[in-house]
Amino acid sequence: MQWCTRNMTDSQKPLKVAVLVSGSGSNLQVLIDAMNAGSLPIEIIGVISNVKEAYAVTRAQQAGIITAVFSHITEGENAGKRMGIKTFERHASAQLNEWQPDLVVLAGFMRVLSDEFISGSPAPMINLHPSLLPKYKGLDTHQRVLESSDIHHGCSVHIVTAELDAGQVLTQAMLAVDHSESAEALQARVQKLEHQVLPWTILLIARGVLNLDAINEQKAATPYLPQLPLKLWLDS
Ligand code: GRF
């Protein structure tokens, strides 16, 4: 897989970002706010949701961003039938190819994507995951951490590959676990970290510090290729 690599000249232009969502979109909101404040050199060129009622869609529309909803629950004569992932991917892929982003960000996107979709993407894809990968891939990460004896938890931003939550981890933000707290309280603390680590990661990509092409190809000789993952210690 080969994507366009940003160099130092490109890094002066805003990074064209497409965001895939399924839920509340608090991470999308952080990106919108940073873009509008001029603190993140990106242009969000479109948001794709697989959930029609996702509040993320409302957030995008309120910000004047183009949205495309390919709902996994169909309407009309097939009402209530689940849209297969292949059908979703066909629509999403056509949309991404039309938009031609520099980067695709999965921010709370809750469907597992196929190898074909990922490798056919016009741009590298990153995902935000609520654990310190490689620990706790998949769902219910906060509850699983509380059931463990782990003293640290947090979130990761990683390159999306066909294997779930297994691509190269780019960045992580960490906190100290309080084993007397609820999963909901822990989730809220981790989400605060997400709101910092996601824009930080995208800034590093936009500025060419994290060169996803080089990282993906493991070109160790590439100058400035940092030791990954980059870690933020953010106790909140
Ligand atoms: C985040 O907690 C993220 O870690 C998980 O889904 C959640 C999305 O939250 N993958 P939001 O939709 O950005 O508010």
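Sorted by character, the shell residues around the ligand come out as two nonpolar, seven polar and one charged. Keep in mind that this is a predicted model. The full cast around the ligand is Gly23, Ser24, Gly25, Ser26, Asn27, Gly108, Leu128, Pro130, Gln191 and Glu194.

Where do those residues come from? Two helices, α1 (26-37) and α6 (183-206), each put at least two residues into the shell around the ligand. Seen at the domain level, domain 1 (15-123) and domain 2 (127-236) each contribute at least three residues to that shell. As for the site itself, the ligand takes up the space of the largest pocket.

Now for the polar contacts. Here are three that involve oxygen atoms of the ligand:

| Protein residue | Protein atom | Ligand atom | Distance |
|---|---|---|---|
| Gly25 | polar backbone atom | oxygen | 2.7 Å |
| Asn27 | polar side-chain atom | oxygen | 2.8 Å |
| Gln191 | polar side-chain atom | oxygen | 3.0 Å |

So how much of the ligand's accessible area does the protein cover? On its own the ligand has 370 Å² of accessible area, and the protein covers 86% of that. Gly25 makes its contact through the backbone, while Asn27 and Gln191 use their side chains.

Away from the ligand, a few backbone details deserve a look if you're setting up this model. Which peptide bonds are cis? One of them runs from Leu133 to Pro134, with omega near 15 degrees. Pro134 belongs to the loop that links β5 (125-129) and α5 (141-147). Another cis peptide bond joins Leu228 and Pro229, and its omega is about -5 degrees. You'll find Pro229 in the loop between α7 (212-217) and β8 (230-233).

Then there's Gln100, which isn't a glycine but still has a positive phi, at about 50 degrees. Gln100 also sits in a loop, the one between α3 (85-99) and β4 (103-106).

Technical notes: Residues numbered from 1 in each chain as written. Predicted model: local features only at pLDDT ≥ 70, side-chain atom pairs only at ≥ 80, totals over all residues. Heavy atoms only, no water. Near = heavy atom within 4 Å. Polar contact = N/O pair within 3.5 Å; in protein donor to acceptor, adjacent residues only side chain to side chain. Areas by Shrake-Rupley, 256 points an atom, 1.4 Å probe, with all protein chains shown as cover. 1 Å grid on protein atoms, 1.4 Å probe; cavity = no way out; pocket = protein on both sides within 12 Å on 5 of 7 lines; lining within 4 Å. Sits in = over half its atoms within 2 Å of the grid points. Helix = DSSP H or I, 4+ residues; strand = E, 2+ residues; numbered from the N terminus. Nonpolar A, V, L, I, M, F, W, Y, C, P; charged D, E, K, R; others polar. Domains from an automatic or database assignment.
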